[in-house]
Amino acid sequence: MKKLLPLFLLFFISVQGQVKDLAELSSGKYLDSRIVYNDDGDDVYGYLLLYENDRKSKAVYELEYVLLDKNLNKLTSGTFVQNRFSFIVKLNIGFSFVRKIGNKLVIGIQDSSNNSMMGPISAFNHRFRELDLETFKLSNQFTMKDNRKTVESETADSKVTYDDVQKNNALQPVGRSNFLLFDLSTVSGAYAGESFAQKVARDTKSFKVFDKEFNEIWNYKFNDDGTKAFDMFEYYSSNGNDMIMVRYNFEKIGKYLETYYDVFDLTSGLKKFSIKQSDGSTLNQVQTIKYEKDKLIVYSLMNYMTKKQVYDNSKVLGVVQITYDRSTGEKLSEEKFFWRYLDEHLKISEEGEIKSYGYLQFLNFRLLNNGHTTAIAEGYNPSNNSRILDMFVMEFDQNMKLVYYKKVDKTKNMSNIAAWGPILQNSGAFDYLYSQKLEGDNYAYFYTDNEKNSTRNPKWILGVITQVDGKYSYEKIPMTTEKGQIYPVKAKNGYILLREVSDKKSTIRLEKINY
């Protein structure tokens, strides 16, 4: 069986040039890092790290960036002066995104805070730079003030004002070389109370898409009919020439009606079609949308239809897979998986409750070349502080009939909140980490298994599930050494990046997944 090599062997097979001592990269204080993906997003290009070298004043910093390639070889590094907005709570400088487009990196920088008093405002004062990947020259800072690219001066003593913060709009990379921007020029900023986000959404009148040179391509307008009804938009995902926006429809502030997934043509701005969250018989909660050449495949949790169309996480009926024509939005097929299909494995109710155990939350759906779907789920119990339980691996055929099932025992952990599955998933409470494509139609899935959670004597396990040539294998690998802890990070296809942290040093290294 092909599998991940045991860790004690991994220590001896690191390739020269694929191990790095982080202290050798910079003497500054570590601030942030991002995985940089290739233009098509299918593999890792490298890693960008950000350090604080010097603080010239309360709100002016000298920062250093270090760019590594996917093999951890250093490509370039440099410094620049960066201003931070001075506010009543502590703000941190970090990346908002890093996107590779051809021979350049577009780098988003923002001020952010984790302080609860900030409410829905957690990141602002958005600035951008470009790094040329041929000359490795870093551009001057620019912003999107008033929805236009504005190159800023590089003077270290220039003060960041509240007016700057309001007008420095955020960008969201979409597609391979475009950017999305919400036009907030109609938003006053003088809002308060629990409905803050809804009030901002009500007064937002358009979003725009820009090309890679930050020229506006198109502008989509909404919320301009003069009524109390409004739409709240969120970016969901993009692929090829399609972009999906989630649209929450409200009758008025505080009265939600319906959720739609609107599919836009990235070139023209034409709204091609909309997918409703409800289908007339069930209320669906979208888990993920997969893009195929001529199809969109939507995986959703099913719930009872209610008058208020509010999803009840305590009454999940199963999973539905709906396939749409990618050009027209025509529904091509609908296949449902109900909990009763697990009867031979679990004592589970019609609404998903497992007797004397809890519930399942699906965390990953992987569409295979043969039309089957691999699903990764995790058990949990929402009572008191939610308990995070075992891993579950399932495979469904084209009709969502169960063809493979495996429960993977692991240590039961406590969450710091009592909540249902979707909330636990959004808060990062589950132990599932991520999936990674291997060669061909083969994949690896990673999760943590904290057998002993202690700062003085921790015992930490990395769980690895590999799916190769239609067969599954399972490994648990110790991630604790006498020197410290080891943490996994996503790496180029077929590899895993391990970061080892001890009291004296921190290193990163690439290890090959032997499958």
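Me: How do the residues of the lining of the largest cavity divide?
Reply: In this predicted model, that lining holds seven nonpolar residues, three polar and one charged. Among the lining residues are G352 and E351; glycine counts as polar and Glu as charged, so G352 belongs to the polar group and E351 is the charged one.

Me: Which strand gives the most to that lining?
Reply: Strand β23, residues 359-367, does so with three residues. The lining includes Y359, L360 and Q361.

Me: What makes a space count as a cavity?
Reply: A 1.4 Å probe must fit there but be unable to get out. Rolling a probe the size of a water molecule over the atoms shows where empty space is left. With a lower limit of 30 Å³, the count comes to two cavities. The largest encloses about 70 Å³, and the second largest has a volume of about 30 Å³.

Me: Which residues line the second largest cavity?
Reply: They are L48, L50, Y65, F80, F95, I107, I109 and R129. Strands β3 (44-57) and β7 (104-112) are the elements that give two or more residues to this lining. Seven of the lining residues are nonpolar, none is polar and one is charged. Arg counts as charged, so R129 is that charged residue.

Me: Why is strand β6 described as largely enclosed?
Reply: Seven of the ten residues of β6 (residues 92-101) are buried, so the strand is largely enclosed by the rest of the structure.

Me: How do you know that β6 and β7 pair?
Reply: Pairing requires at least two bridges. β6 and β7 have nine, in the antiparallel sense, so they pair. In this pairing, K100 stands opposite L105 in β7. The two strands form a hairpin with two residues between them, and G102 in the turn has a positive phi of about 65 degrees.

Me: What makes β32 and β33 a pair of strands?
Reply: Seven bridges join β32 (residues 484-490) to β33 (residues 495-502); at least two are required, so these strands pair. They run antiparallel, and V489 has L497 in β33 as its bridge partner. Four residues lie between the strands of this hairpin, and G494 in the turn has a positive phi of about 90 degrees.

Me: Is M400 buried or exposed?
Reply: The relative accessible area of M400 is 0%. Buried means under 20%, so M400 is buried. M400 lies in the loop between β25 (387-396) and β26 (402-408). Its phi is near 60 degrees, a positive value in a residue other than glycine. Most residues other than glycine have a negative phi.

Me: Is D469 buried or exposed?
Reply: D469 has a relative accessible area of 56%. Exposed means over 50%, so D469 is exposed. D469 sits in the loop between β30 (459-468) and β31 (471-478), and has a positive phi of about 55 degrees although it is not a glycine.

Me: Why is S415 called buried?
Reply: Its relative accessible area is 7%, and the limit is under 20%, so S415 is buried. S415 belongs to the loop between β27 (413-414) and α5 (421-426). Neighbours within four places in sequence aside, S415 is in contact with N385, S386, L424 and A429.

Me: What does the side chain of S415 reach?
Reply: The side chain of S415 reaches the backbone nitrogen of I417 at 3.2 Å. A polar contact requires N or O atoms within 3.5 Å, and the distance of 3.2 Å meets that limit.

Terms used
Residues numbered from 1 in each chain as written. Predicted model: local features only at pLDDT ≥ 70, side-chain atom pairs only at ≥ 80, totals over all residues. Heavy atoms only, no water. 1 Å grid on protein atoms, 1.4 Å probe; cavity = no way out; pocket = protein on both sides within 12 Å on 5 of 7 lines; lining within 4 Å. Points joined across faces, edges and corners; volume = space filled by probe spheres on them. Buried < 20%, exposed > 50% of the residue type's maximum accessible area, 1.4 Å probe, protein only. Polar contact = N/O pair within 3.5 Å; in protein donor to acceptor, adjacent residues only side chain to side chain. Contact = heavy atoms within 4.5 Å.
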